[in-house]
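Here's a walk through one structure, taken a piece at a time. Keep the model open alongside and follow the residues as they come up.

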Amino acid sequence: METSISVIIPAHNEAQSIGKVLAEIPSFVREVIVVDNNSTDETSEVAKKFNAKVMYERNLGYGNACLAGMRTLDSNPPEIVVFLDGDYSDYPKEMSKLIDPIKKGVADFVIGARDKSIRESGSMTLPQVFGNWLACVLMKLLYQSRYTDLGPFRAIRWETLKSYKMRDRSYGWTIEMQLKSLHHKTPYTEIPVKYRTRIGRSKISGTIRGTVLAGFKILGWIGKFYFSKK
């Protein structure tokens, strides 16, 4: 029997890019949920043209959108959930690389690591590169983790994800998931993936405020987890 796979794509004002993302979703995916996170453009209309299931989350925040997508799946959960961004920076066609380790029983959680050798030049800003490096170094020092990236393109077994009881509603969603994978001793791995310059301006790294808030969120989650285990 085929493995059931659902894709969740948080999207805020991604009308220029969401169609390109959806056009490259592999055919083995059971369903694609685009969570319109209070967009003021035609994100939803474009997504519907590509037969995506569109949900609406009025409360801004990456985590809010991801949580809304998860609630949609509660009544008919898949075996694997894949998260990716709606800005066309990820390569949806590489999805099988992330899913294969889970299907083979090698891992329950797989991160698409934006490897410097294959990512497009300039696709990650200096604050992004530094923030990823710092977070991963801290996780290595404090938790002996092997993570090298906080990449948004990721696949996880549904039951594993539900056991994490995710709750961050904004920038800390990705780091929360990785920290909880370490706490739960989840079998995980990273797969190098390509990465390109996004279409449009980033809501996080594209602004000073977003960059600073994301940095505080990431460090806050790491510190919270560390001191809570004392």
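Let's start with helix α3, which takes in residues 62-73 of this predicted model. At 1.5 Å a residue, its twelve residues ought to span 16 Å, and the C-alpha atoms at its two ends are 17 Å apart, so expectation and model agree.

How much of α3 is covered? Mostly it is: ten of the twelve residues are buried. Run along the helix and you'll pick them out as Gly 63, Asn 64, Ala 65, Cys 66, Leu 67, Ala 68, Gly 69, Met 70, Thr 72 and Leu 73. What do these buried residues of α3 pack against? On the strand side there are β1 (5-11), β2 (31-36), β3 (53-56) and β4 (80-83), and the helices α6 (158-163) and α7 (173-183) join in too.

One of those buried α3 residues is a cysteine, which brings up disulfides. How many are there? Going by a cut-off of 2.5 Å between cysteine sulfur atoms, the count is zero. Cys 66 isn't in one, because the nearest cysteine sulfur, belonging to Cys 136, sits 18 Å away, and a pair has to come within 2.5 Å. Seen from the other end, Cys 136 is in no disulfide either, with the sulfur of Cys 66 as its nearest cysteine sulfur at 18 Å. Both are tucked away from the surface: Cys 66 has a relative accessible area of 0%, and Cys 136 has 6%, so it counts as buried under the 20% cut-off.

Cys 136 also turns up in the second largest pocket, where it is among the residues that lie nearest the centre, along with Asn 132, Trp 133, Thr 148 and Asp 149. That pocket has a volume of about 250 Å³ and a lining of 14 residues. Which elements give two or more residues to the lining? They are β5 (109-119) and α5 (126-143). The largest share, six residues, comes from α5. As for chemistry, the lining divides into seven nonpolar, two polar and five charged residues.

Stay on α5 for a moment and look at Ala 135, which is found in that helix. Is Ala 135 buried or exposed? With a relative accessible area of 0%, it is buried, since anything under 20% counts as such. Setting aside its neighbours within four places in sequence, Ala 135 is in contact with Leu 150, Ile 175, Ile 218 and Ile 222. For a sense of distance, take Gly 112, which is 23 residues from Ala 135 along the chain: their C-alpha atoms are separated by 16 Å.

Last stop, the backbone. Most residues other than glycine have a negative phi, and two residues here are worth checking against that. Asn 38 has a phi near 60 degrees, a positive value in a residue other than glycine. You'll find Asn 38 in the loop between β2 and α2 (43-49), where its relative accessible area of 29% makes it partly exposed. Lys 165 also has a positive phi, near 50 degrees, and it too is a residue other than glycine. Lys 165 lies in the loop between α6 and α7. Its relative accessible area is 65%, and because that is over 50%, Lys 165 counts as exposed.

Technical notes
Residues are numbered from 1 along each chain as its sequence is written. This is a predicted model: local features need pLDDT of at least 70, side-chain atom pairs count only at pLDDT 80 or more; totals for chains, interfaces and linings use all residues. Side-chain values use heavy atoms; hydrogens and water are left out. Helices (H or I, at least four residues) and strands (E, at least two) are DSSP runs, numbered from the N terminus. The expected span of a helix is 1.5 Å times one less than its number of residues. Buried means under 20% relative accessible area, exposed over 50%, partly exposed in between (1.4 Å probe, protein chains only). Contact means heavy atoms within 4.5 Å. On a 1 Å grid over the protein atoms alone, a cavity is a set of points where a 1.4 Å probe fits but cannot get out, and a pocket is an open set with protein on both sides within 12 Å along at least five of seven lines; lining residues have an atom within 4 Å of a point. Grid points are joined across faces, edges and corners, and a volume is the space filled by probe spheres set on the points. Ala, Val, Leu, Ile, Met, Phe, Trp, Tyr, Cys and Pro count as nonpolar, Asp, Glu, Lys and Arg as charged, and the others, Gly among them, as polar.
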